[in-house]
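Here is a short report on one protein chain. Please keep the sequence and the 3D view open while reading.

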Amino acid sequence: MIPQIKPEDFGITQAEADGHRRRHLTSMIATLTKDIDALIVRAKEHRANGLQDWALEIFIENRIEPLIKDRQKHQSQLDWLNDDGSSLFGQIDPYVIKRCKSVPVHSLGLPGLQSITPSGGGRYRAICPFHNDTHPSLVLYPEDRGYHCFVCSQGGDNIDLVMRLLDTSFPGAIRYLMNYI
Ligand SMILES: [Zn+2]
């Protein structure tokens with residue numbers, strides 16, 4: 001059990017703590033943006049110098065994408081500080097959304113997903129939480145193909161599934177899934 005530390009313990013108010021965190025996040029985002037821009041310039045130089053596509057892809061995947069992911073995490077935290085997160089939709093990096101959609105939800109211990117069994121081809125089956133299911137009818141697909149129930153025809157992507165199972169908003173589901181990407 002990790003003890004909860006409150007701003008008051010340090011003699012500052014919640015508002016002051018939020019302000020500090022906001023400034024920290026803003027400066028981190030600015031630094032990451034500068035680094036990302038510099039790496040993109042380098043990637044273009046590499047390409048101009050004849051670097052092969054596969055090597056360029058590795059460069060982007062290993063060097064640039066982690067920074068983009070990091071920036072998005074900071075941006076999300078800042079968005080949550082600035083409001084309740086409701087305006088997060090539309091500001092989320094499409095790359096992060098894509099990654100969230102491909103999180104293997106069968107392994108997250110989500111409430112409502114029971115009797116999860118592998119069913120070949122990277123797919124999993126579970127008792128469908130959306131109808132009175134007696135045997136696993138809900139199929140969870142790998143990559144970003146989401147879920148589908150072959151009895152009640154409910155289906156969607158992983159984000160939609162997390163929203164429904166955790167009864168949360170789109171930003172809430174993104175925030176949850178980002179812990180697993
Ligand atoms: Zn169903």
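How many bridges join β3 to β4, and do the two strands run parallel or antiparallel? Three bridges join them, and the strands run antiparallel. This is a predicted model.

## Domains

The chain is assigned two domains: domain 1 covers 10-82 and domain 2 covers 101-178. Their centres, taken over C-alpha atoms, are 30 Å apart.

## The sheet

Five strands make up an open sheet. Their order is β1-β2-β3-β4-β5, with antiparallel pairing. β1 and β5 are the edge strands; each has a single partner strand, so one side of each has no neighbour in the sheet.

Within the β3 and β4 pair, L140 stands opposite Y147 of β4.

## The β1-β2 hairpin

β1 spans residues 114-118 and β2 spans residues 124-127. Three bridges join the two strands, which run antiparallel. T117 has R125 in β2 as its bridge partner. Five residues lie between the strands of this hairpin. In the turn, G120 has a positive phi of about 90°.

Is β1 buried or in the open? Of its five residues, the number buried is zero, so β1 lies largely in the open.

## The nonpolar core

The largest nonpolar core has 17 residues. L140, I159 and L177 touch the most other members. At least two residues of this core come from each of α3 (94-101), β2, β3 (138-140), α4 (158-166) and α5 (170-178). Both helices and strands therefore supply this core. In soluble globular proteins, nonpolar side chains tend to be buried together.

Which residues does I159 touch, leaving aside those up to four places away in sequence? They are C100, K101, F170, A173, I174 and L177.

## Helix α4

α4 buries N158, I159, L161 and V162. These residues cover an arc of only 160° around the axis, which puts them on the same side of α4. An α-helix has 3.6 residues a turn, so residues three or four places apart point the same way.

What covers the buried residues of α4? The cover includes α3, β4 (147-149), β5 (155-156) and α5. Just after α4, D167 takes a positive phi of about 50°.

## Recap

L140 stands opposite Y147 in the sheet and is among the core residues that touch the most other members. I159 is another of those core residues, and is buried in α4. β1, by contrast, lies largely in the open and stands at an edge of the sheet.

Definitions and conventions:
Residues numbered from 1 in each chain as written. Predicted model: local features only at pLDDT ≥ 70, side-chain atom pairs only at ≥ 80, totals over all residues. Domains from an automatic or database assignment. Buried ≥ 20, exposed ≤ 12 C-beta atoms within 10 Å, placed from the backbone. Helix = DSSP H or I, 4+ residues; strand = E, 2+ residues; numbered from the N terminus. Pairing = 2+ DSSP bridges. Core = buried A, V, L, I, M, F, W, Y, C linked by C-beta atoms within 7 Å. Contact = placed C-beta atoms within 7 Å. Arc of directions from axis to C-beta.
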